[in-house]
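Okay, thanks everyone for squeezing in. I'll take you through one structure today, picking out a few spots and talking through each in turn.

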Amino acid sequence: MTLVRHLFLACFGLVFGVAHAADADWPSYGLNLSNQRYSENTQINKSNVGRLVKAWSHRTGVKATFQATPIVVGRVMYLALPFNHVVALDAVTGEQLWRYNHQRKQGYQMCCGPANRGVAVSDGKVFIGTVDARLIALDASNGKVVWDIEVADAASSKGESSETLKDSDPLKKGSVAGQSGVGIAMAPVVYQGKVLVGITGVGYGLHLDSDRDGAPLGAVVGFSGSYGRPGFLAAFDVKTGARIWQFDTIAPLNWEGQFRQATPDGVPLHRDIAKEKADLAKYPDAARFGGGSAWSTPAIDTKNGLLYFGTGNPSPQMDDTTRPGDNLYTVSLVCLDIQTGKIRWHFQQVPHDEWGYDVASPPVLFDYPHQGKMIPAVGQAAKIGWYYIHNRITGELLRKSDEFVEHKNIFAKPTPEGEVILPGVLGGVNWSPTALDAKNLVAFVPAIHWPVKYSKQTIPATPTKPAISYTTLEPLMDAPRWGVLSAIDLKTGKMKWQRKTDQPLVGGLLATAGQLIFMGEGNGRLNAYDARNGKTLWSDQLDAGVNAPPITYQIDGVQYVAVAAGGSQIFGYKQGDLVQVYRLSK
């Protein structure tokens, strides 16, 4: 069946009353523009979830890190594949309706692997941001390119390495990826004729490959110097792709900020403020290389015309020698006017970040009772292991939760022997989207317990080369690591319950009014938990890591749950090419 005929039949059914009133799409990355990922569907619930069976599956033919949220609109599932291929599938049968195969720019250096977190569907088009920093609009009926624009140029920064390393040094363990290209990882979102998307890869740091196949990232390596570039979030016209506005994530003036001694919520940062101020004049152009990748799909406040997104680490990553000051607006939750792109407020979770604590998980909007009033709020689960709630109009911090992962030596400085810190560069909460039950004010958060060793080393000078200092954040492979699924009572900031999982949790959540939480693990398990207490109610084993967010939708009165299973190279989880869809047994 062609997609044109497919859409005609869907419309025909609506006209003549064939379509079920209970049909429900998954039309945007976070289900709705508030990013709550909470479905009102109840056909699948805690009493019958044990009857879930496979409805259909699809093999994409691309076995690589797979992080996409499927989008379901009008009986069609639109899915972004690794390397930015896109497929349209019949959401009931899995039949492929069309496929777009992306041709990357020749010689383009990818910053962050092949993964893409999804598409946006609106105005008869499918929008995807690409690993080679393009934004492409496809015709939703056939997958043909409508327009294709360059969001950012292909500039990259190169680092240095040396063969004069100690045998015990992490740099001896594998090859160093010595470039930092620019790309797009986030799923776009569309609002009022604007496609919103941001770039990644600007917070320069070298990634050390593991010395073992199938093992996670070996280390992140930081050098001082003039590396990187400023990030941005931009709005583009849905019809033409013309750029409407651009917000640079590096403050054009006063990027050094207030030289804070502590985070805004009071955690000491152990900074040498006097030295930073003395060094400020030495690096007048530091902001030109400032970093601040835009990782998370924005949440949109339609009533007040505001959007919210998180920014990444400053550049160069970890080594702070050449960037004195707070490095605004990196590692921040940022609020913009959606019509103009002008900043309204920001909350910098970690001023002068040296640890890779990007604000990576998407923000979530909800209404929040505070001091006898209902306040429009924005919540954000942080890599540093707390859940923050802000007044989304003013940015005021209303509440900070109890820690949902263990903390140890947080904001410690690197040493030659190495400091073990928690949460590490992987999180806390990494890019994984959370879910939120707005009626009961409960946030569901997938997190990571994985210690890292933070070290500072020096490569000795030679007759032809000066000494080089660098830092490494090395995930400890021999230390115990696990995942933590938390239900946080937002009224109090306390944990309602926590569930320890075998694997560190990366991929994201689905919550439903059927009192269920769906979450995958890198071992290939897709699990359904009781939202009231975290008890496992159902599980299925797939052939690759389930490291993408599940969704649910309903067609012809039948509720489905869908997820991509393609693993994660950076976490060492088995990669694959599966899209799996479930329904209740008949």
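So, let's start in a loop: Phe259 sits between strand S19 (243-248) and helix H2 (273-279). And before I go on, keep in mind that this is a predicted model. What's the backbone doing at Phe259? Phi there is positive, about 55 degrees, even though the residue isn't a glycine. As a reminder, most residues other than glycine have a negative phi, and most peptide bonds are trans. Is Phe259 buried or exposed? Buried, with a relative accessible area of 10%. The ring also has company: Lys277 lies over the face of Phe259, 5.5 Å from the ring centre.

While we're on positive phi, have a look at Arg37. That one isn't a glycine either, and phi is near 50 degrees. You'll find Arg37 in the loop between helix H1 (3-15) and strand S1 (38-39). Arg37 is buried too, at a relative accessible area of 1%.

Okay, cis peptides. One joins Ser315 and Pro316, with omega about -5 degrees. Pro316 belongs to the loop between strand S21 (306-310) and strand S22 (332-337). Another cis bond joins Leu422 and Pro423, and there omega is about -15 degrees. Where is Pro423? In the loop between strand S28 (419-421) and strand S29 (435-437).

Back to charges over rings for a second. Lys500 lies over the face of Trp482, at 3.9 Å from the ring centre.

Now the aromatics proper. How many aromatic pairs does a search of the whole structure find? The count is 15. One of them is Tyr78 with Trp98, a tilted pair at 6.3 Å centre to centre and 50 degrees between the planes. Tyr78 is in strand S4 (residues 76-80) and Trp98 is in strand S6 (residues 96-100), so this contact ties together parts that are 20 residues apart in sequence. Both ends are tucked in by the numbers: Tyr78 has 3% relative accessibility and counts as buried, and Trp98, at 5%, counts as buried as well.

Then there's Phe366 with Tyr368. This pair is edge-to-face, 6.1 Å centre to centre with 85 degrees between the planes. Both of those residues are buried. There's also an aromatic cluster, made of Phe247, Phe309 and Tyr329.

Right, strands. If you have the viewer open, go to strand S32 (residues 468-475). How much of S32 is buried? Seven of its eight residues, so to speak mostly covered. What does S32 pair with? Strand S31 (residues 452-459) is joined to S32 by eight bridges, running antiparallel, and in that pairing Lys456 has Thr471 as its bridge partner. Strand S17 (residues 219-223) is joined to S32 by four bridges, also antiparallel. There, Val221 stands opposite Thr472. One general point to hold on to when you look along a strand: in a regular strand the side chains alternate between the two faces of the sheet.

Next, a sheet you can trace from end to end. This one is open, has four strands in the order S2-S41-S40-S39, and the pairing is antiparallel. Which strands are at the edges? Strand S2 (52-59) and strand S39 (551-555), each of which pairs on one side only. From one strand to the next, the twist averages 30 degrees. Zooming in on one end, S39 and strand S40 (residues 558-565) pair in the antiparallel sense over five bridges. If you want a residue to anchor on, Gln554 has Gln559 in S40 as its bridge partner.

Last stop, internal space. How many cavities of 30 Å³ or more does the structure hold? Just one. The volume of the largest cavity is about 30 Å³. What lines that cavity? Among the lining residues are two tryptophans, Trp295 and Trp431, along with Tyr29, Arg117 and Met186. Ser296, Thr297 and Pro362 are in the lining too, and so are Ala187 and Ala360.

That's my tour. If you take one spot away to look at yourselves, try Phe259: a positive phi in a residue that isn't glycine, a buried position, and Lys277 over the ring face. Happy to go back to any of these on screen.

Technical notes
Residues numbered from 1 in each chain as written. Predicted model: local features only at pLDDT ≥ 70, side-chain atom pairs only at ≥ 80, totals over all residues. Heavy atoms only, no water. Pairing = 2+ DSSP bridges. Helix = DSSP H or I, 4+ residues; strand = E, 2+ residues; numbered from the N terminus. Axes fitted to C-alpha atoms, helices over the stretch in contact; angles between N-to-C directions. Phe/Tyr/Trp six-rings, centres within 6.5 Å; stacked < 30°, edge-to-face > 60°. Buried < 20%, exposed > 50% of the residue type's maximum accessible area, 1.4 Å probe, protein only. Lys NZ or Arg CZ within 6 Å of the ring centre and 35° of its normal. 1 Å grid on protein atoms, 1.4 Å probe; cavity = no way out; pocket = protein on both sides within 12 Å on 5 of 7 lines; lining within 4 Å. Points joined across faces, edges and corners; volume = space filled by probe spheres on them.
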